[in-house]
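Please read the following explanation alongside the sequence and the coordinates, taking the aromatic side chains as the starting point and moving outward from there to the elements that carry them.

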Amino acid sequence: MCNSKKKILLVEDEFHIAEGLRFNLDLKGYEVNIAKDGLVGLEMWRKWKPDLIVLDLMLPAMDGFDLLEHIRKEDERLPIIILSAKLEAKDKVRCFSKGVDDYMSKPFDLNEFLLRIERLLKRSSWGDGQKEIVGESEAIEKIVFGSNRVDFTKNEAFNGSEAINLTTQEIKLLKLFITNEGVPLSRQYLLETGWGYQGEISTRTVDNFIVRFRKYFEKDPKNPIYFRSLRAVGYVFNR
Ligand code: CA
């Protein structure tokens, strides 16, 4: 199964953008289909079953928000990246609250776009195993980064000789980051996985946890090296 081509559906009404992306994704070895409006997108999502969707917001027939809503009612895990004209803050909030994994504003950098696609696909193919890992504590037992030591078997954490008291929720989130070392995690994904996101919890909650992690584990919380923010993506843990 690992060798089969990943399928990417582009829901995009601007011909030159869609064709340009198809060309480049094709070079990367993906199988690509284009839907020129939201309704066709909905139909192709059902019939073709893509592994990832690149979604424009302003579309004929059915806009991207509506399409997103339809998809998320039936599939919460399919990676969806928004590719849209400059997004306002309220649109971004709307996207994430409707379950978008990532977004990029047009005009965009092609290499960055391709990298994000690759990471989303990689993450989603780990998805199921990852959920198990998060729930079962045997997967990651101990980790050392900088002057920090975390022992998940005892739920203990130390910064130097100083013990850090982690709550159950902090341990869960910390484990999620450490399991996914080097993989950017969106706030939405962290909410869904860490809290079983139901729509009432704001992505601010995630930010507050990161603030705490930095206080616990970073030498200089204002210039973090382990728990870094990625603009427009979320957070990433690196040793
Ligand atoms: Ca458009």
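In this predicted model, the structure holds 13 aromatic pairs. One of them joins phenylalanine 145 and phenylalanine 217, whose ring centres are 5.4 Å apart and whose planes make an angle of 55°, an arrangement that counts as tilted. Phenylalanine 145 belongs to strand S6 and phenylalanine 217 to helix H8, so this pair ties together parts of the chain that are 72 residues apart in sequence. Phenylalanine 145 has a relative accessibility of 2% and therefore counts as buried, and phenylalanine 217, with a relative accessible area of 1%, is buried because the cut-off for that class is under 20%.

Helix H8 also contributes to a second tilted pair, formed by phenylalanine 213 and phenylalanine 227, with 5.2 Å from centre to centre and 45° between the planes. Because phenylalanine 213 lies in helix H8 and phenylalanine 227 in strand S11 (residues 227-230), the parts tied together here are 14 residues apart in sequence. Phenylalanine 213 counts as buried at 0% relative accessibility, and phenylalanine 227 counts as buried at 1%. Ring pairs link these four residues into a cluster that includes Phe145, Phe213, Phe217 and Phe227, together with Phe177, Tyr216, Tyr226 and Phe237.

Some residues of this cluster recur where two helices meet. The axes of helix H6 (residues 168-179) and helix H8 (residues 204-217) come within 11 Å and cross at roughly 85°; since angles of 65 to 115 degrees count as roughly perpendicular, the two helices are therefore roughly perpendicular to each other. On the side of H6 the contact is made by Gln169, Glu170, Leu173, Leu174 and Phe177, and on the side of H8 by Phe209, Ile210, Arg212, Phe213, Tyr216 and Phe217. By character, the residues of this contact divide into eight nonpolar, one polar and two charged.

Strand S6, which carries phenylalanine 145, leads on to the sheet. This is an open sheet of four strands in the order S6-S7-S8-S9, with antiparallel pairing. Its edge strands are S6 (142-145) and S9 (162-164), each of which pairs on one side only, and the twist from one strand to the next averages 20°. Strands of a sheet pair through backbone hydrogen bonds, in either a parallel or an antiparallel sense. Between S6 and strand S7 (residues 148-151) the antiparallel pairing extends over four bridges, and the bridge partner of valine 144 in S7 is arginine 149.

Key:
Residues are numbered from 1 along each chain as its sequence is written. This is a predicted model: local features need pLDDT of at least 70, side-chain atom pairs count only at pLDDT 80 or more; totals for chains, interfaces and linings use all residues. Side-chain values use heavy atoms; hydrogens and water are left out. Two strands pair if DSSP finds at least two bridges between them. Axes are lines fitted to C-alpha atoms, for helices over the stretch in contact, and angles run from 0 to 180 degrees between N-to-C directions. Angles under 35 degrees count as roughly parallel, over 145 as roughly antiparallel, 65 to 115 as roughly perpendicular and the rest as oblique. Contact means heavy atoms within 4.5 Å. Ala, Val, Leu, Ile, Met, Phe, Trp, Tyr, Cys and Pro count as nonpolar, Asp, Glu, Lys and Arg as charged, and the others, Gly among them, as polar. Rings of Phe, Tyr and Trp (its six-membered ring) pair if their centres lie within 6.5 Å; planes under 30 degrees apart count as stacked, over 60 as edge-to-face and the rest as tilted. Buried means under 20% relative accessible area, exposed over 50%, partly exposed in between (1.4 Å probe, protein chains only).
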